[in-house]
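The following exercises ask the reader to study a protein chain step by step. Please examine the sequence and the structure before reading each solution.

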Amino acid sequence: TLSDGDPANVFTLPPGASIAPGGFVVLCQNHVGFGAAYGPVPCLGEWTFGLSAAGETVYLRDSVGAMVDSVAFTDSDPWPVAADGTGPTLELIDAAMDNNLPGAWQASFVRGGTPGERNSTAIANEPPPELPYGVPSVAAYPNPFVGTATIVAEGPPTGDAVLEVFDALGRRVSRMTLGRLEPGPNLVPLVEESGAPGLRFIRLLVDGRPVATTKVVRID
């Protein structure tokens with residue numbers, strides 16, 4: 001069942017519904033509206049009550065009602081402020097991270113998220129099959145760094161490359177246009193337009209497509 005806490009507001013999943021190990025299920029409040037926004041994505045629904053984009057506490061319970069997991073999220077700092085119901089969605093960065101920590105989440109790289117597909121944060125870690133020129137990579141050193149760092153980017157030399165830097169809240173703090181990459185490692189100074197010390201996610205895009213990401217920590 002899915003509920004907002006009011007005993008009168010309950011959606012019951014159909015008999016036989018299941019989630020495979022490592023899989024997912026998409027729940028949608030309204031099939032018509034969801035289909036208009038995302039196309040023919042299989043989803044389970046529908047219901048009339050709402051969940052607040054400004055924040056909720058979500059509980060996962062087992063078949064006897066015992067709580068398995070919970071997370072209380074908001075759309076205010078230190079949570080990713082861009083995931084507020086009108087743009088990107090809230091994505092867990094890594095399933096192994098504590099999902100009660102705001103830093104374990106970030107706003108999706110895709111406006112509206114990727115329902116029915118893998119999280120955009122996971123997709124960004126893999127080179128797309130359209131770029132069969134070895135494995136693109138991006139790294140930064142020293143890590144952690146104080147003041148400045150150097151980004152090492154490598155990718156296909158046939159497209160326009162861009163480096164984007166995001167903080168732990170999913171806010172972009174820097175964007176660097178590189179043009180066409182030289183064969184082999186390309187050294188780029190890490191330049192931030194804004195931001196405080198903490199975790200950074202560096203994303204390499206080629207022709208607008210994410211091909212590699214890495215993490216670095218700024219401690220100054």
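A disulfide is here a pair of cysteine sulfur atoms within 2.5 Å. The model under study is predicted.

**Exercise 1.** Determine which residues the disulfide joins and describe the link.

Solution.
Step 1. The structure contains one disulfide. In general, such a link is a covalent bond between the sulfur atoms of two cysteines.
Step 2. The partners are Cys28 and Cys43, with an S to S distance of 2.5 Å. This value meets the cut-off, because the sulfur atoms must be within 2.5 Å.
Step 3. The angle about the S-S bond is 50°, and the link of Cys28 and Cys43 is right-handed.
Step 4. The pair connects distant parts of the chain, 15 residues apart. Cys28 belongs to the loop between β2 (10-11) and α1, while Cys43 belongs to the loop between α1 and β3.

**Exercise 2.** Decide whether Cys28 is buried or exposed, and do likewise for Cys43.

Solution.
Step 1. The cut-off for a buried residue is a relative accessible area under 20%.
Step 2. Cys28 has 2% relative accessibility and therefore counts as buried.
Step 3. Cys43 has 17% relative accessibility, so Cys43 counts as buried too.
Step 4. For the chain as a whole, 35% of the 220 residues count as buried.

**Exercise 3.** Locate the cis peptide bonds that precede Glu46 and Pro78, and find the loop that holds Asp207.

Solution.
Step 1. The bond from Gly45 to Glu46 is cis, its omega being near 10°. Glu46 is situated in the loop between α1 (31-38) and β3 (55-61).
Step 2. The bond from Asp77 to Pro78 is likewise cis, with omega near 15°. Pro78 is part of the loop between β4 (67-74) and β5 (88-92).
Step 3. Asp207 is not a glycine, yet its phi is positive, near 55°. The loop that holds Asp207 runs between β12 (198-206) and β13 (209-218).

**Exercise 4.** Describe the chain as a whole: what are its secondary structure, its dimensions and its exposed area?

Solution.
Step 1. The secondary structure consists of two helices and 13 strands.
Step 2. Along the principal axes, the C-alpha atoms fill a box of roughly 60 × 40 × 30 Å.
Step 3. The chain exposes about 12,300 Å², and carbon and sulfur atoms supply 56% of this area.
Step 4. The chain has 12 positive and 24 negative charges, whose mean positions are 6 Å apart.

Notes:
Residues numbered from 1 in each chain as written. Predicted model: local features only at pLDDT ≥ 70, side-chain atom pairs only at ≥ 80, totals over all residues. Heavy atoms only, no water. Helix = DSSP H or I, 4+ residues; strand = E, 2+ residues; numbered from the N terminus. Buried < 20%, exposed > 50% of the residue type's maximum accessible area, 1.4 Å probe, protein only. Areas by Shrake-Rupley, 256 points an atom, 1.4 Å probe, with all protein chains shown as cover. Lys, Arg positive; Asp, Glu negative; His and termini not counted. Charge placed at Lys NZ, Arg CZ, Asp CG, Glu CD.
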